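Me: I have a chain open on my screen and would love to talk through its fold with you. Could you take my questions one at a time?

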Amino acid sequence: MSLAIAQGTGLFVPQKHGLKPRSAATPDRRGFACFYRVSEDALFLERLQLALPYKEQLLVQAGRGPLLLGLSARVEPEGRLRVLYSDMHAPVQFSGGMLLGDGYIHALALHGRELQLRRTTIHPAFEWREVHELIFEMGRLVEAQDCSEAVVRIREHLASEQFEPGSPEWQAAHATLVAQAFRVDYGLPALSSPSSWIR
């Protein structure tokens, strides 16, 4: 599943470990992608892919690249995020909420008011057919809920003829329905990150 949005503190940031990814064609242009796993109700970073300058990639290939949590990286033959740290299983002390999505809804498959909704909406959860919310405290999973049906109802309601997408009435309904659907207030995309995954 992809991490649609997170609100909280403690997710992995390469810069805090001395790594300096360069902007790349990830959806949010951060130049890195994290792969997380929930295991025995705890959150772990399993893999990190990032874009490093060519000179640094050569150092990695020569076995002289930067260590991350005691691990060496390798360079993949293809892709924009070619530097890979794998088999990490590093605990992540995240506190807050995450919305995970599966079954991304491509705009090309939408039409009419649904397409207007997609162009107008500000909440990334609406872009997925399946949505789950996970709540963590210091890396421990304390709550999990399937929000998929609630998100479907919100999409249907906001795409109905009752509101003009983007109008003040539509925005008020949007805010009310989102507040009812999720335990955490995700607000605007704070850590919107389709380039992060969780298993």
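Me: What share of the contacts in the chain with a separation of 6 or more comes from residues 24 or more positions apart?

Reply: Happy to help! This is a predicted model, in which local features need pLDDT of at least 70 and side-chain atom pairs count only at pLDDT 80 or more, while totals for chains, interfaces and linings use all residues. Residues are numbered from 1 along each chain as its sequence is written, and side-chain values use heavy atoms, leaving out hydrogens and water. With contact taken as heavy atoms within 4.5 Å, the share you ask about is 70%.

Me: Which pattern does the chain follow along the sequence?

Reply: Helices (H or I, at least four residues) and strands (E, at least two) are DSSP runs, numbered from the N terminus. There are 4 helices and 10 strands in the chain. Read in order, they give β-β-β-α-β-β-β-β-α-β-β-α-α-β.

Me: How many residues are in the largest nonpolar core, and which element gives the largest share?

Reply: A nonpolar core is a set of buried Ala, Val, Leu, Ile, Met, Phe, Trp, Tyr and Cys residues joined through side-chain atoms within 4.5 Å; buried means under 20% relative accessible area, exposed over 50%, and partly exposed in between (1.4 Å probe, protein chains only). The largest core has 28 residues, of which L11, L48, Y85 and M98 touch the most other members. Elements that give two or more residues to this core are β1 (2–9), β2 (32–39), β3 (42–50), β5 (83–85), β7 and β8. The largest share, 4 residues, comes from β3.

Me: Where do F94 and F136 lie, and why is their pair edge-to-face?

Reply: F94 is in the loop between β6 (90–91) and β7 (95–104), and F136 is in strand β8 (residues 128–137), 42 residues apart. F94 is buried because its relative accessible area is 0%, and F136 is buried too, at 1%. Rings of Phe, Tyr and Trp (its six-membered ring) pair if their centres lie within 6.5 Å, with planes under 30 degrees apart counted as stacked, over 60 as edge-to-face and the rest as tilted. Here the centres are 6.0 Å apart and the planes are at 65°, so the pair is edge-to-face.

Me: Is Y104 buried or partly exposed?

Reply: Y104 in strand β7 pairs with W128 in strand β8, 24 residues along the chain. Their rings are edge-to-face, 5.0 Å centre to centre with 70° between the planes. W128 is buried at 8% relative accessibility, whereas Y104, at 34%, is partly exposed.

Me: Which residue in the hairpin of β8 and β9 takes a positive phi?

Reply: Two strands pair if DSSP finds at least two bridges between them. β8 and β9 (residues 140–146) run antiparallel and are joined by 6 bridges, with E133 opposite Q145 in β9. The hairpin has 2 residues between the strands, and the positive phi, near 50°, belongs to M138.

Me: What separates the C-alpha atoms of G97 and F182?

Reply: G97 is in strand β7 and is buried, because its relative accessibility is 0%. Leaving aside neighbours within four places in sequence, G97 is in contact with I5, A6, Q7, L134, I135, V184 and Y186. G97 and F182 are 85 residues apart along the chain, and the separation of their C-alpha atoms is 9.2 Å.
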